[in-house]
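This report describes the packing of one protein chain and one part of its surface. The reader is invited to follow the residue names in the structure shown below.

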Amino acid sequence: MAVMNNKQQTNQSHYSKRNVWSGFLFGVGIAAFIDEVVFHLILQWHHFYDKSTLHIGLLSDGIFHAFGWFATIGGSFLLADVNRRHAFAPVKWWGGVLIGLGGFQLYDGTVHHKVMQLHQIRYVDNLIIYDLVWNILAIIMLLIGLFLVFKTRSRLQPVGSVTDEQS
C-alpha cells in the first residue's frame, strides 16, 4: 500500500499553483492583446492613455502591448515547465486563464476607466451600457475561472493515507 509523503504533497500543491499562475499570466496577456487589437487598433475607440496627444496615446499603447506580451511569455514559460514535469492540469490551467482574463478586464473597467480615468471604453453619451457589459462579462469570466480552480483543488492526503489513484 503506497502512501503520499510530505515532499509529494508539497510538489502536488506547488505545481497546482504553477498551473493556475501560468494560466493567469496567459489570460492577462490575452486580455491585453484583445483589448489592444480590437478596441485600440481596429475600432479605434480609445488608447491606453487618452489625456494627452495622439503621439502619447500611441506610445502608451505600445508600452501596454509590450506588457501584454511579457505576461503571455511568462505564462508560456511556466506552462512549459509544468508540462515538462508532467504536472499539467488543463482544467486548473483554463481556470487560471479565465481568472486572468476576467481579473484584467474588471481591473481595467474599474480602476483604469473610473478611478484613474486613463480612458473610457468608448466616448459616447450613453457610456453606462458599455461599462455594464464590459464589467459583467469580466465578472462572469472571473467567476467561471474561480469555479474551475476551486473545483479542481487538490485535497492533499495526510501522511500515511492512501491516495485515490493508489486505492
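Does Gly-102 count as buried or exposed? In this predicted model, Gly-102 has a relative accessibility of 0%, and because buried means under 20% relative accessible area, Gly-102 counts as buried.

**Surroundings of Gly-102**

Gly-102 is part of helix H3. Neighbours within four places in sequence aside, Gly-102 makes contact with Ala-138, Met-141 and Leu-142. A further reference point is Phe-24, which stands 78 residues from Gly-102 along the chain; the C-alpha atoms of these two residues are 9.7 Å apart.

**The nonpolar core**

The largest nonpolar core consists of 14 residues, and those with the most contacts inside it are Phe-64, Leu-98, Leu-101 and Phe-104. At least two residues of this core come from each of the four helices in the table.

| Helix | Residue range |
|---|---|
| H1 | residues 6–42 |
| H2 | residues 54–84 |
| H3 | residues 90–115 |
| H4 | residues 127–151 |

Helix H3 provides the largest share of the core, with 5 residues. Leu-101, one of the core residues with the most contacts, touches Gly-27, Val-28, Ile-30, Ala-31 and Met-141 when residues up to four places away in sequence are not counted. Met-141 is thus in contact with Leu-101 and also with Gly-102.

**The nonpolar surface patch**

On the surface, a nonpolar patch of about 710 Å² is formed by Ile-128, Ile-129, Leu-132, Val-133, Ile-136, Leu-137, Ile-140 and Ile-144. Of these residues, Ile-128 is located in helix H4, a helix that also supplies at least two residues of the core.

Technical notes
Residues are numbered from 1 along each chain as its sequence is written. This is a predicted model: local features need pLDDT of at least 70, side-chain atom pairs count only at pLDDT 80 or more; totals for chains, interfaces and linings use all residues. Side-chain values use heavy atoms; hydrogens and water are left out. A nonpolar core is a set of buried Ala, Val, Leu, Ile, Met, Phe, Trp, Tyr and Cys residues joined through side-chain atoms within 4.5 Å. Buried means under 20% relative accessible area, exposed over 50%, partly exposed in between (1.4 Å probe, protein chains only). Contact means heavy atoms within 4.5 Å. Patches are made of residues with over 30% relative accessible area and no salt bridge: like charges are joined within 9 Å, nonpolar side chains (Val, Leu, Ile, Met, Phe, Trp, Tyr) within 5 Å. Accessible areas come from the Shrake-Rupley method with a 1.4 Å probe; for residues, only the protein chains shown count as cover. A salt bridge is a side-chain nitrogen of Lys or Arg within 4 Å of a carboxyl oxygen of Asp or Glu.
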